[in-house]
Amino acid sequence: MIERKFYAKIRRKAHRYYSIILLAMILFLNGCSTHRGNLSFNTSSTETFTISGKISLPEIIETDSARASLTTLTDFSNFTITSGEASTQADKYGYYSLSGIEFSDSLVLKAVSNKIALLHRVTADELCYSDLSNIEINTTTTAEALVYQQGLLLKKDLTPADIKAREYADGIASITTAIRLSMQLPKDSISSTILELPAVTSSAKQVALNCISRENVLKEANSVLRHAFIRKDIDLIKTYISPSFGNDWDSSSSWSDVVEYFTRFFPKYEFVSLTWDISDIELLENSKARIRTKVRAIIKETAPDEIVSDKIWNFDAIWQKEGSIWKLYRNMPYRDTHPTQVDADLRWGEIAAAHAELQEAINRENIASLSYRISDSFRNAFDGNSTKNELILIATQRFNSMDVKISEYSVDSIKFNGNEQAEVTCSGRVKVINILLGKDIDSGLVRAKVIWQKENGVWKIYRDLPYKFTHPVTIN
């Protein structure tokens, strides 16, 4: 009788960990996609490209003819367009086709005729994904390319979105004005081309500095929010989270939900460590910015003072300037069911919701709810005997016979195969005690690719879920 009471006490204490047991051992449920994101850049390519388009120069210039005069240019055949080693001549009407262009993350086309020089920056994304047959070179593209080049000198790779942000429109206009006025100067007053004139370069440098200055303000706002979490300052969190806050992957996320969540969280938990690293900032129009952020949170329970979570989150947060303060406007994960990788979308949220439902079912030892999320067609490629019925039977047995000692779990990625199927890659380790035998069982490192399938509008586990200790525990 005493022995039975002892084991009953152990099982009651471990009851809240049942979800972790099955999550780490058999339910690799969530993740996030690994496809290109808005801040991703293409890898180098050995392919060469052909870029075609037109030089557009309606501005008044000072000609280099014997009888110099201010006029518009009607013959563009003297323009040479270059990129690296590639070179071509424009025709009379300004059309050009430049072949043999090599892939580059810093590609800028240059069109030169005597003192006049024009530029067009072509990004790596444009090289691989855009129509390269209609690339116009004009004074605006020249101004934007100059800002980009000045940014590189300041050790900052400014994106087109950075430069096109609405608040820099006046700065870009000042550069184009300087270019137009410079084109009206006599050739003998210009040592090389108009792009080397101080009036042009200084205007471009100032816009680049303004872009970088805004980045520093955004970094400071991120630092303030990090310290608000560490200090459990709910009022400061209320200030730096936008009233319009939401998450792409969770329609229930809102300013109120964030405040409510951390109001409950802070009395029970605290951050042992909270690192908040920014890898990329892309300035957007309408006073917004996309910030690629990596957060590592080590969380402990206030009592009994033990680590309960060590997790890394990667996400593209959207910040928005509201009044004089930059606020987090969209996409910050804060719940366990939120993604740990960038590029999560509504489908990810649907799988996350399925995860939450399964976790609740396991907490309550609700076999019916657990069964609901397993496909009737469930099979394992590595075990021809695997079926839904067998999986549910083994899950039931584990409810009754095992308690957890150690559980570590992480999500690597999820790849969507169309809209109806998802391949989730996860890893974890679990060590349990078999109560009846008094024996520890250690899974070691388990890695799995579990296939989910949407059936009649419901995401269900469809293939390759390891749930026996004899199932493979590593993947290539």
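Contact is taken here as heavy atoms within 4.5 Å, and angles between axes run from 0 to 180 degrees between N-to-C directions. On this basis, in the predicted model, helix α7 lies across strands β10, β11, β12, β13 and β14 (325-330). The helix runs at about 165° to β11.

The strands crossed by α7 form an open sheet of 5 strands in the order β10-β14-β13-β12-β11, with mixed pairing. Strands β10 (241-246) and β11 (269-284) each have a single partner strand and stand at the edges, so one side of each lacks a neighbour in the sheet. On average, neighbouring strands of this sheet are turned by 30° against each other, direction ignored. Within the sheet, β12 (residues 288-301) and β13 (residues 307-322) are paired in the antiparallel sense, with 13 bridges between them. One of the residues involved is V295, whose bridge partner in β13 is W313.

Antiparallel pairing also occurs between strand β4 (residues 80-83) and β5, here over 4 bridges. I81 stands opposite T88 of β5. The hairpin formed by β4 and β5 has 2 residues between the strands, and G84 takes a positive phi near 60° in this hairpin. In a regular strand, side chains alternate between the two faces of the sheet. Strand β5 (residues 86-89) shows such an alternation: A86 and T88 point to one face and are buried, whereas S87 and Q89 point to the other face and are not buried.

Helix α4 comprises 15 residues (139-153) and reaches 21 Å from its first C-alpha to its last, close to the 21 Å expected at 1.5 Å a residue. At the start of the helix, a side-chain oxygen of N138 comes to within 3.0 Å of the backbone nitrogen of T140. After the helix comes K155, with a positive phi near 65°.

Most of α4 is covered, with 11 of its 15 residues buried. The buried positions are T139, T141, T142, A143, E144, A145, L146, V147, Y148, Q150 and G151. Polar and charged side chains are thus represented by, among them, E144 and Q150. The buried residues of α4 pack against three strands and three helices, namely β7 (107-113), β8 (116-122), β9 (135-137), α5 (160-164), α6 (169-182) and α7 (198-230). Helix α7 is therefore placed by its contacts both against the buried residues of α4 and across the strands of the open sheet, from β10 to β14.

Technical notes
Residues numbered from 1 in each chain as written. Predicted model: local features only at pLDDT ≥ 70, side-chain atom pairs only at ≥ 80, totals over all residues. Heavy atoms only, no water. Expected span 1.5 Å × (residues − 1). Buried < 20%, exposed > 50% of the residue type's maximum accessible area, 1.4 Å probe, protein only. Polar contact = N/O pair within 3.5 Å; in protein donor to acceptor, adjacent residues only side chain to side chain. Pairing = 2+ DSSP bridges.
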